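Work through the exercises below with the model open. Try each task before reading its solution.

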Amino acid sequence: MANLRATGLTVKNSITIEVTFTASLDLSIGSSNITISGAGSNAIALMVRSIDISNKILTIVTQPMIPGGQYELVIGRAHV
């Protein structure tokens, strides 16, 4: 099995994040596989409202981010 790596991350606007990977993504990835935590003193965790997968691109729609806020995006196993 090959390693899957993110090659790009773009914040399109205050609610949309686009992540590009080295290979096509599995369509079974869901919003429960994604966590966005506040990484600064003024940022809180964001709720993932929806995701869209198109080949190597994952588009994440969240609640609005705070301007200048810092966030940590984790993509992994679903939370139980």
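The exercises deal with one sheet, one hairpin and one residue of this predicted model.

**Exercise 1. Sheet order**

Task: Find the order of the strands in the open sheet, and work out which strands stand at its edges and why one side of each is left without a neighbour.

Solution:
- Step 1. The open sheet is formed by 4 strands, and their order is β1-β2-β5-β4. The pairing is antiparallel.
- Step 2. β1 (6–13) and β4 each have a single partner strand, so they stand at the edges and one side of each lacks a neighbour in the sheet.
- Step 3. On average, neighbouring strands of the sheet are turned by 15° against each other, with direction ignored.

**Exercise 2. The hairpin of β4 and β5**

Task: Determine how many bridges pair β4 with β5, name the residues opposite V48 and D52, and say which residue of the hairpin takes a positive phi.

Solution:
- Step 1. β4 covers residues 48–54 and β5 covers residues 57–62; they pair in the antiparallel sense over 6 bridges.
- Step 2. Opposite V48 stands T62 of β5.
- Step 3. For S50, the bridge partner in β5 is V61.
- Step 4. D52 has T59 of β5 opposite.
- Step 5. Between the strands of this hairpin there are 2 residues, and N55 has a positive phi near 60°.

**Exercise 3. The other partner of β5**

Task: Establish how many bridges join β2 to β5, and find the bridge partner of I17.

Solution:
- Step 1. β2 spans residues 16–21 and is joined to β5 by 5 bridges, the two running antiparallel.
- Step 2. I17 has I60 as its bridge partner in β5.

**Exercise 4. The setting of T16**

Task: Is T16 buried or exposed, and which residues does T16 touch?

Solution:
- Step 1. T16 lies in strand β2.
- Step 2. The relative accessible area of T16 is 15%. Buried means under 20%, so T16 is buried.
- Step 3. Leaving out residues up to four places away in sequence, T16 touches T10, V11, T59, I60, V61 and M65.

Conventions:
Residues numbered from 1 in each chain as written. Predicted model: local features only at pLDDT ≥ 70, side-chain atom pairs only at ≥ 80, totals over all residues. Heavy atoms only, no water. Pairing = 2+ DSSP bridges. Axes fitted to C-alpha atoms, helices over the stretch in contact; angles between N-to-C directions. Buried < 20%, exposed > 50% of the residue type's maximum accessible area, 1.4 Å probe, protein only. Contact = heavy atoms within 4.5 Å.
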